[in-house]
Amino acid sequence: INRFLADQMLPPIILQLVCYPNDSLSRSIVLFLKYNNIPFELTPVEKMNRNELLEFLPDYSEDLGFPILKDTESYIYECHAILKYLFAKNEHVDPQFYPSDIDQRTKIDIYLDWHQRHLRKNGQKALNLLNVSPRTSSDSRPKSVNMERVGKVIHDYLKSLQVLEKRFLSNDGDFLCGFSEPTLADLVAITELTFFKVINIDLSSYQQILNWYERVIAFYGPLWTEVHESFEEYVDNSVKVQQKQQAREQKIKKYGKDATGGNRAPDVCHTVLFQVPPIELFAMLTDKDTLSELLGSECTFSSKPGGLFSLLNGQVTGTNLYLDKGKRLLQSWRCDDWPKDHYSNLKILFQPIESGTELTLNQSDVPQNYVKKTDMIWDSQFWNKLDGVLIRNILQQEIFENLSPHSVYKVFTDSHFCSKLTNKTCDVSRGVGGDISYLDGTVTGKNIELVTDCKIVQQWRMEDWPSNHYSIVKIEIKRVAGGTTIVHTQENVPVAFYRQVLELWDRHFWKKMQQTKSM
């Protein structure tokens with residue numbers, strides 16, 4: 001009798017769960033335990049060193065990972081195995097979580113397998129690339145983010161959402177796999193999907209998922225809020241981490257650090273100048289009403305990652321992968337006549353400059369037969385209508401055997417010399433900041449830098465260029481054996497006038513300088 005009474009006085013065996021509390025796997029187990037009134041003790045991995053882990057968990061292996069459940073002398077690894085173990089061992093658990101019917105149980109197992117290989121895999125990749133994984137301590141997070149890789153992973157993540165909606169939510173039931181009540185499948189899925197707040201995915205295009213999401217949360221009621229209290233703090237901290245990373249990337253871009261490289265050249269590469277600040281230009285390209293008005297065609301645009309867009313009456317469609325207001329835009333982009341389901345990767349960067357914004361567009365994976373057409377669409381349907389100037393740079397090297405460095409310098413800085421050479425009226429100031437006019441006023445501008453017989457830098461434009469658009473001309477002069485060489489660079493030449501500018505230099509300057517005797 002005494003032994004029986006002693007046994008009755010022993011404390012109940014408490015399960016011990018070692019995990020990362022904010023990870024989706026851990027939250028699904030905690031939610032299951034609390035909902036079914038199963039007592040347990042939670043031990044965060046962050047509060048245990050390796051020796052403590054080895055002492056507490058003799059079978060611990062880094063290959064197995066967390067969460068890990070300890071039940072007396074047994075250790076259960078992997079989230080799905082833990083949930084099934086808890087279901088089987090606790091008779092009072094609602095059988096609907098994992099029905100005994102083999103067909104119904106198989107449906108749940110199919111989802112759990114798919115979930116691990118697709119939805120969770122892509123979601124965790126995105127979190128790791130953004131350096132906000134709940135399984136990584138903040139001290140060890142790297143400081144750089146490859147947004148192109150993030151964009152590709154988010155593209156795969158969005159495909160997983162499409163499968164989730166079409167395959168697992170298309171049945172008559174209110175919950176996954178056609179069930180009328182939540183199962184283990186819903187429990188695992190919804191805790192993983194909460195990361196959309198961190199990745200900043202727009203779920204408005206997935207109405208079935210949103211409706212299901214709300215039903216599952218309503219099912220768990222106040223318990224959901226209790227379990228996710230620390231998770232909401234993690235979400236806020238993750239947003240701050242990403243903001244700091246973005247600020248750091250802007251500093252690197254401005255002041256430089258190191259090159260990334262390694263990727264093949266994009267199929268379409270544009271540099272476009274706009275006379276509006278980056279934040280205004282970004283709004284022009286991401287607001288549906290503004291786009292519709294400026295492009296003169298119907299446009300729709302969801303301004304969140306994962307949101308869909310349709311431009312030029314449906315000629316261009318795609319998905320927003322990442323939006324950094326006034327700084328960067330990543331999209332999955334296609335034209336309606338491309339091969340079915342073929343999307344390109346589009347990256348647009350917004351860089352503030354003195355006159356407004358320099359926009360850089362890189363577009364890769366464009367179908368080979370559509371590269372030229374895509375290039376033309378951007379110029380004719382976007383840049384022209386948005387008052388942007390698509391630009392190219394000129395780089396030339398010329399050698400003049402008959403001219404000295406001083407003679408070359410005088411061609412561009414002496415009004416009489418230049419007029420005589422070109423047979424056109426030229427009025428050129430000899431001082432920095434002074435106005436210049438070449439070829440009867442066809443070219444105008446001002447001097448920016450003058451180093452006698454060595455270098456000339458000018459602000460330079462042609463009379464029929466877009467209003468207030470200037471290029472920068474730099475002529476470096478150097479004496480060489482047998483004559484003089486110059487390196488001529490000209491930045492920000494409008495593409496529409498590129499050949500005309502080349503012909504102007506060749507016809508009015510280089511050829512005539514080659515034919516001129518020593519001056």
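This report describes the fold, the nonpolar core and selected residues of a predicted protein model.

The model is predicted, so local features are given only at pLDDT of at least 70 and side-chain atom pairs only at pLDDT 80 or more, whereas totals for chains, interfaces and linings use all residues. Residues are numbered from 1 along each chain as its sequence is written, and side-chain values use heavy atoms, with hydrogens and water left out.

**Overall architecture**

The protein contains 18 helices and 18 strands; helices (H or I, at least four residues) and strands (E, at least two) are DSSP runs numbered from the N terminus. Of its 519 residues, 49% are buried, a term for under 20% relative accessible area, with exposed meaning over 50% and partly exposed in between (1.4 Å probe, protein chains only). The protein exposes about 26,500 Å², of which carbon and sulfur atoms supply 48%; accessible areas come from the Shrake-Rupley method with a 1.4 Å probe, and for residues only the protein chains shown count as cover. Contacts are heavy atoms within 4.5 Å. Among those between residues at least 6 apart in sequence, 58% join residues at least 24 apart.

**Helices α2 and α5**

The expected span of a helix is 1.5 Å times one less than its number of residues. For helix α2 (residues 24-35), with 12 residues, this gives 16 Å, and the end C-alpha atoms are 16 Å apart, which agrees. Of these 12 residues, 10 are buried, among them Arg27, Ile29 and Phe32. Just after α2, asparagine 37 has a positive phi of about 55°.

Helix α5 (residues 102-117) has 16 residues and an expected span of 22 Å; its end C-alpha atoms are 23 Å apart, in agreement. Its buried residues are Ile108, Tyr111, Leu112, Trp114 and His115, and their cover includes α4 (79-89), α6 (119-129), α7 and α8. At the N-terminal end of α5, aspartate 101 acts as a cap, with a side-chain oxygen 3.1 Å from the backbone nitrogen of aspartate 103. Such a polar contact is a pair of N or O atoms within 3.5 Å; within protein, one must be able to donate a hydrogen and the other to accept it, and residues adjacent in sequence count only if both atoms are side-chain atoms.

**Nonpolar core**

A nonpolar core is a set of buried Ala, Val, Leu, Ile, Met, Phe, Trp, Tyr and Cys residues joined through side-chain atoms within 4.5 Å. The largest has 73 residues, and those with the most contacts inside it are Phe32, Tyr111, Leu161, Leu176 and Trp212. Helix α7 (residues 147-168) supplies the largest share of this core, 9 residues. Residues up to four places away in sequence aside, tryptophan 212 touches partners including Leu169, Phe175, Leu176 and Ile190.

**Threonine 183**

Threonine 183 lies in the loop between α7 and α8 (184-193) and is buried, at 0% relative accessibility. A polar atom of its side chain is 3.1 Å from the backbone nitrogen of alanine 185. Beyond neighbours within four places in sequence, threonine 183 contacts Gln96, Phe97 and Ile108.

**Loop residues with positive phi**

Two residues other than glycine are listed below.

| Residue | Phi | Loop | Relative accessible area |
|---|---|---|---|
| Asparagine 200 | about 65° | between α9 (196-199) and α10 (207-220) | 38%, partly exposed |
| Aspartate 341 | near 60° | between β9 (328-335) and β10 (344-353) | 61%, exposed |

**Cysteines**

The count of disulfides is 0, where a disulfide is a pair of cysteine sulfur atoms within 2.5 Å. Cysteine 335 is buried, with a relative accessible area of 2%, while cysteine 454 is partly exposed, at 39%.
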